[in-house]
Every structure is written in structure tokens, then in C-alpha cells.
Amino acid sequence: MDVNDKIDEIADLVESARSVPMSASCMLNRGQLLDLLDELRDLLPEDVKRAELLLRDREAVVQEGREEAIRIVERGRAERERLVMTSDVVREARDEAAKIVGDAENEARDRRQELDDYCDAKLASFEVTLHKTLAAVDRGRERLRDPHGFGRLREEQDDDER
């Protein structure tokens, strides 16, 4: 189960909670909600580890691209040496080697950009989830601190949603 599933479970618990008559408040099983929040807290480090693994994978792919670029350059040099026989062949070999190096550099740059974009998107998604979770925790803690302020907090939430 991931963080989003756990947040959905908490939301379902709140949505299905019994309403307090004549109020916008509801009654929740404190133990059940605290257990779910503990489970959520345990899941967050796993998502952070997954994000770190994505970053490490990105570096490995970039390194692989660099190594491939070096191999391509070496193949280009070997080919150039073979073609040194005549000036036209030499010129063509230099042009081809430059093209191969340029293509390899472009491909490595493109791969790095794709990986950066992918990692950034995953981290942004994780950040949004984390902010939502923290906001829900803050609201819950606020409710626990001010037992007479349930209606006021609900009005503030309604204002925030507008």
C-alpha cells in the first residue's frame, strides 16, 4: 500500500464518520484515525527512498550515456584512421566523426533532460501529497487542541475551498 492509498483510506474514514447533530462536525474513532496516521507516517520514508533510488538510477543512465558516447567517439577515431589514405576520405571521416560525436552528445543531453523531467515530476507529485498530508494533520491537531472550535474550523475550510 502506498501513501496515496493510505490518504484515501483516511479520507474515507472521515467521509463515513457519523455527523454531530446540528453541526458540521463529525465523530471519529480516535484510535482508528491515529493508527492510520501512524501507518501513513511509516509509509512516507519508503516513498522518500523510492525517490532517492530514482535519482540514483538517473545518474546511472547518464553515466551509461557518457560511456556510450566515448565508445562512439572511439569508433569514429578508428574509422578516421582507416580512412586517412586520401584527402577526400580524410575530410569525410572528420565530418562523420564530428556528426557522431554531436549526435552522441545530443542523445546524452536528451536522455539527461528526460530523466531530470521524470524525477522532477515524481518529486513534485510526492511534494503535493506530502503537503496535503501535512495540511490534514495540521487540521486534525487543531481540532484536537480546540474541542469547541469544530464549527469554526469547518467554516475556515469552507472559506479555503472557495
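Biologist: The largest cavity is put at about 60 Å³. What makes a set of points a cavity?

Modeller: On a 1 Å grid over the protein atoms alone, a 1.4 Å probe fits at those points but cannot get out. The volume is the space filled by probe spheres set on the points, which are joined across faces, edges and corners. A search of the whole structure with a floor of 30 Å³ or more turns up 1 cavity. Mind you, this is a predicted model, where local features need pLDDT of at least 70 and side-chain atom pairs pLDDT 80 or more, while totals for chains, interfaces and linings use all residues. Residues are numbered from 1 along each chain as its sequence is written, and side-chain values use heavy atoms, with hydrogens and water left out.

Biologist: Which residues line the largest cavity?

Modeller: Gly65, Glu68, Ala69, Ile72, Ala104, Glu107, Ala108 and Arg111; to count as lining, a residue needs an atom within 4 Å of a point. Helix H2 (30–82) and helix H3 (87–145) each give the lining at least two residues, helices being DSSP runs of H or I with at least four residues, and strands runs of E with at least two.

Biologist: What makes 1 residue of that lining polar, next to 4 nonpolar and 3 charged?

Modeller: Gly65 is in the lining, and Gly counts as polar here, whereas Ala and Ile are nonpolar, and Glu and Arg charged.

Biologist: Arg58 is in helix H2 too. Why does Arg58 count as buried?

Modeller: Its relative accessibility is 17%, and buried means under 20% with a 1.4 Å probe and protein chains only, so Arg58 qualifies. Beyond its neighbours within four places in sequence, Arg58 is in contact (heavy atoms within 4.5 Å) with Leu115, Asp116 and Cys119.

Biologist: How many buried residues does the chain have, as a share of its 162?

Modeller: They make up 20%.

Biologist: What makes a set of residues a nonpolar core?

Modeller: They must be buried, come from Ala, Val, Leu, Ile, Met, Phe, Trp, Tyr and Cys, and be joined through side-chain atoms within 4.5 Å. The largest such core has 9 residues: Val3, Ile10, Leu13, Leu33, Leu36, Leu40, Leu43, Leu44 and Phe126. Helix H1 (3–15) and H2 are the elements giving two or more residues to this core, and H2 has the largest share, 5 residues. Leu36 touches Lys6, Glu9, Ile10 and Leu13, setting aside residues up to four places away in sequence.

How values were computed: On a 1 Å grid over the protein atoms alone, a cavity is a set of points where a 1.4 Å probe fits but cannot get out, and a pocket is an open set with protein on both sides within 12 Å along at least five of seven lines; lining residues have an atom within 4 Å of a point. Buried means under 20% relative accessible area, exposed over 50%, partly exposed in between (1.4 Å probe, protein chains only).
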